[in-house]
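Reader: I should like a close look at a single part of this structure, followed by an account of how the rest is arranged around it. Please keep the description to what the model itself shows.

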Amino acid sequence: MKYCPKCHLSYNDDANICTQCGNQLFVAAPQVPVRPLTDHTAEFQKEDVSANKVLAMLPYIMGWIGIIVTLLAAGTSPYAGFHVRQALKIQVCTTLVSIIGAIIPFLGWLAIAVFGVMALVINIICFFSVCKGEAKEPPIINSLGFLK
Ligand SMILES: [Zn+2]
């Protein structure tokens, strides 16, 4: 199969030039299933996921304590490790907002409250993602572009 880069029309392999615009035809690229960049589920083994699911949930529901417990109990599991890193991102952001926000009266305090609710929602989303055996980066937090 060949296609025209300009009109996006597809042609048979024996065609060379687009009948619509006269452009050179290209061999169609194989269709790769689109997977969001933030979804790493396919990178982990099923055995790892099912064995360490519960421990992978802890960092999201127990914060720093959960992060430490999971690190100690399942530090060698890539799946649990992934979620420890994601939960760590959420915790670091929350801590940073708390420190900076505390300095700025009212507006900063408001930011702490808003971010607190946001972090709670993100943790819940991540928790349910682990329930399904997925490995997705937390929304919003991952777009901050640090702690990769
Ligand atoms: Zn064309």
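Is C4 buried or exposed, and what is its relative accessible area?

Author: The model is a predicted one. In it, C4 is buried, with a relative accessible area of 0%. C4 is also one of the residues that hold the zinc ion: the metal is coordinated by the SG atoms of C4, C7, C18 and C21, at 2.2 to 2.3 Å. Along the chain, these donors follow the spacing C-x2-C-x10-C-x2-C. The angles that the 4 donor atoms subtend around the zinc ion run from 103 to 118 degrees, and the arrangement is therefore tetrahedral. For reference, the ideal angle for four tetrahedral donors is 109.5 degrees.

The accessibility of another donor may be set beside that of C4. C7 is partly exposed, with a relative accessible area of 30%, whereas C4 is buried at 0%. Next in the numbering comes H8, which is placed in the loop between β1 (2-3) and β2 (10-11). H8 is exposed, with a relative accessible area of 62%. Its backbone also deserves mention, for H8 has a positive phi of about 60 degrees although it is not a glycine.

C4 has a further role in the packing of the model. It belongs to a nonpolar core of 5 residues, among them also Y11, C18 and L25. Two zinc donors, C4 and C18, are thus named among the members of this core. This core is separate from the largest one, which has 20 residues.

The domain assignment provides the wider setting. It gives domain 1 as residues 1-29 and domain 2 as residues 41-144. The C-alpha centres of domain 1 and domain 2 lie 47 Å apart.

The largest nonpolar core may be considered next. Of its 20 residues, F44, Y60, Y79, I90, V130 and I141 touch the most other members. The elements that contribute two or more residues to this core are α1, α2 (78-103) and α3 (107-131). In soluble globular proteins, nonpolar side chains tend to be buried together. V130 shows some of the contacts made here: not counting residues up to four places away in sequence, V130 touches K53, A56, M57, Y60, Y79 and H83.

Aromatic residues can be followed through the model as well. A search of the whole structure finds 4 aromatic pairs. One of them joins F127 and F128, whose ring centres are 5.4 Å apart and whose planes stand at 75 degrees, so this pair is edge-to-face. F128 counts as partly exposed, at 47% relative accessibility. Elsewhere, ring pairs link F44, Y79 and F82 into a cluster. F44 and Y79 appear again among the core residues that touch the most other members.

Individual positions in the helices add detail. A74 lies in helix α1, which spans residues 46-74, and is buried with a relative accessible area of 4%. Leaving aside neighbours within four places in sequence, A74 is in contact with N52, L55 and A80. Although A74 and N52 are 22 residues apart along the chain, their C-alpha atoms are separated by 7.1 Å.

Helix α3 offers two residues for comparison, N123 and I112. N123 is buried, with a relative accessible area of 11%. Beyond its neighbours within four places in sequence, N123 is in contact with Y60, I90 and Q91. Of these partners, Y60 and I90 are also among the core residues that touch the most other members. I112, by contrast, counts as partly exposed, at 26% relative accessibility. With neighbours within four places in sequence again left aside, I112 is in contact with V97, S98, G101 and A102. The C-alpha atoms of I112 and S98 are separated by 5.6 Å, with these positions 14 residues apart along the chain numbering.

The loop between α2 and α3 contains F106. F106 is exposed, with a relative accessible area of 66%, and has a positive phi of about 60 degrees although it is not a glycine. A positive phi of about 60 degrees was likewise described for H8, in the loop between β1 and β2.

To return to the part with which the request began: C4 is buried at 0% relative accessible area, serves as a donor to the zinc ion through SG, and is included in the separate core of 5 residues.

Terms used. Residues numbered from 1 in each chain as written. Predicted model: local features only at pLDDT ≥ 70, side-chain atom pairs only at ≥ 80, totals over all residues. Heavy atoms only, no water. Donors = N, O, S within 2.8 Å, 3.2 Å for Na, K, Ca; no water. Tetrahedral: all angles 85-135°; square planar, octahedral: opposite > 155°, others 65-115°. Buried < 20%, exposed > 50% of the residue type's maximum accessible area, 1.4 Å probe, protein only. Phe/Tyr/Trp six-rings, centres within 6.5 Å; stacked < 30°, edge-to-face > 60°. Helix = DSSP H or I, 4+ residues; strand = E, 2+ residues; numbered from the N terminus. Contact = heavy atoms within 4.5 Å. Core = buried A, V, L, I, M, F, W, Y, C linked by side-chain atoms within 4.5 Å. Domains from an automatic or database assignment.
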